[in-house]
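Here's a quick briefing to read alongside the model. Take a look at the sequence and the fold, then go through the points below.

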Amino acid sequence: MSMTKKTKDIFILLTVSFFIRVVFFLLTDDIFGDPADKIVEALRWLQSPEFITHGYWLPLHNYLIAFVIFIFKNPAVSPRILSITTGTLTIIPYYLLVKELFSRKIAFYSGLFLSLLYYHILYSTQTMNDTIFIFLSVLSLLFFFRTYKAGNKETVSFHNPLICGISLFLAGMTRVEGWILIPVMFFALLYKKKYAEAFIIGGISSLFPLFWFAGNYYALGSILPLARSEERRVG
């Protein structure tokens with residue numbers, strides 16, 4: 001069976017993206033600073049696993065780094081494999097999102113631009129939470145716009161808003177910037193009179209920020225600590 005044009009585009013973009021990132025992966029190493037700190041935190045967590053309820057770093061990336069280190073037993077390489085995997089896979093929802101909003105041609109060239117974008121390549125080869133956050137954010141935007149653009153029907157389709165809400169929930173466990181999308185999506189859907197979809201996305205994605213505020217306030221007396229020293233003091 002011959003590939004569709006969309007499938008062929010995605011295959012080409014994934015191949016280009018993966019090849020470029022593998023080359024940079026082999027030629028580089030983790031930089032000093034955040035990548036090293038994240039590996040140390042994950043190793044510390046593996047020594048005494050616990051449910052993270054507060055702190056400076058949001059917990060999802062820590063869990064994922066600890067998981068890949070536990071599986072592959074190589075703290076110097078396995079966290080970077082997580083980055084290169086999510087960085088490469090971002091091409092799929094990104095292409096579909098741009099195609100949803102514009103056209104197949106624009107989606108292909110936009111995907112090619114992302115494949116060659118220096119900063120995204122850099123993040124894809126370092127132990128940083130940027131690539132997984134971008135992947136989850138783009139995924140949530142894809143299903144948000146599918147929800148937003150859908151015609152108003154008597155029977156609500158829960159597929160798109162549910163995936164959007166879960167993706168945004170996970171993105172919000174990675175970086176606080178993801179929280180900004182919650183009210184934007186919620187009020188945009190209310191404006192479109194998609195009330196059920198708005199509350200599905202808003203309700204699911206708001207669960208983690210509310211939990212994180214409560215956990216930080218209980219442990220630190222502040223709903224959102226912004227000083228890394230506070231994390232180390234209580235860690």
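**Helix α6 and the rest of the fold**

Let's start with helix α6, residues 104-116: at 1.5 Å a residue, its 13 residues should span 18 Å, and the end C-alpha atoms are indeed 18 Å apart, so the two agree. Keep in mind that this is a predicted model. The protein chain is helical throughout its list of elements, with 12 helices and zero strands.

**More on α6**

- Its buried residues are A107, F108, S110, G111, L114 and S115.
- The cover over those buried residues includes α1, α5 and α7.

**Helix α4**

- Helix α4 takes in residues 78-89, and the same sort of length check works here: 12 residues at 1.5 Å each should span 16 Å, and the 17 Å between the end C-alpha atoms agrees with that.
- Nine of the 12 residues of α4 are buried, so the rest of the structure largely encloses this helix.
- The buried ones are S78, P79, R80, L82, S83, I84, T86, G87 and T88.
- As for what does the covering, the list includes α1 (5-27), α2 (34-47), α3 (59-72), α5 (91-101), α7 (118-124) and α8 (130-149).
- Three helices named in the cover of α4, namely α1, α5 and α7, also turn up in the cover of α6.

**The chain as a whole**

- Reading from the N terminus, the elements simply go α-α-α-α-α-α-α-α-α-α-α-α.
- For 235 residues, a compact globule would have a radius of gyration near 18 Å; this chain comes in at 19 Å, which agrees.
- Along the principal axes, the C-alpha atoms fill a box of roughly 50 × 45 × 25 Å.
- Of the 235 residues, 42% count as buried.
- Among contacts with a separation of 6 or more, 74% come from residues 24 or more positions apart.

**Surface and charge**

- About 13000 Å² of the protein chain is exposed, and carbon and sulfur atoms supply 70% of that area.
- On the charge side, there are 21 positive and 14 negative side chains.
- The centres of the positive and negative sets lie 12 Å apart.

**Two lysines with positive phi**

- K73 isn't a glycine, yet it has a positive phi of about 60 degrees.
- You'll find K73 in the loop between α3 and α4.
- With a relative accessible area of 58%, K73 is exposed, since that is over the 50% cut-off.
- K193 is the other one to look at: its phi is near 60 degrees, again a positive value in a residue other than glycine.
- K193 sits in the loop between α10 (181-191) and α11 (195-220).
- Its relative accessibility is 61%, so K193 counts as exposed too.

**A proline inside a helix**

- P161 lies in helix α9, which covers residues 159-172.
- Is P161 buried or exposed? It is buried, with a relative accessible area of 1%, and the cut-off for buried is under 20%.
- Leaving aside residues up to four places away in sequence, P161 touches T147, E197, I200 and I201.
- F144 is 17 residues from P161 in sequence, while their C-alpha atoms are 6.5 Å apart in space.

Methods:
Residues numbered from 1 in each chain as written. Predicted model: local features only at pLDDT ≥ 70, side-chain atom pairs only at ≥ 80, totals over all residues. Heavy atoms only, no water. Helix = DSSP H or I, 4+ residues; strand = E, 2+ residues; numbered from the N terminus. Expected span 1.5 Å × (residues − 1). Buried < 20%, exposed > 50% of the residue type's maximum accessible area, 1.4 Å probe, protein only. Contact = heavy atoms within 4.5 Å. Rg over C-alpha atoms; globule rule 2.2 N^0.38 Å. Areas by Shrake-Rupley, 256 points an atom, 1.4 Å probe, with all protein chains shown as cover. Lys, Arg positive; Asp, Glu negative; His and termini not counted. Charge placed at Lys NZ, Arg CZ, Asp CG, Glu CD.
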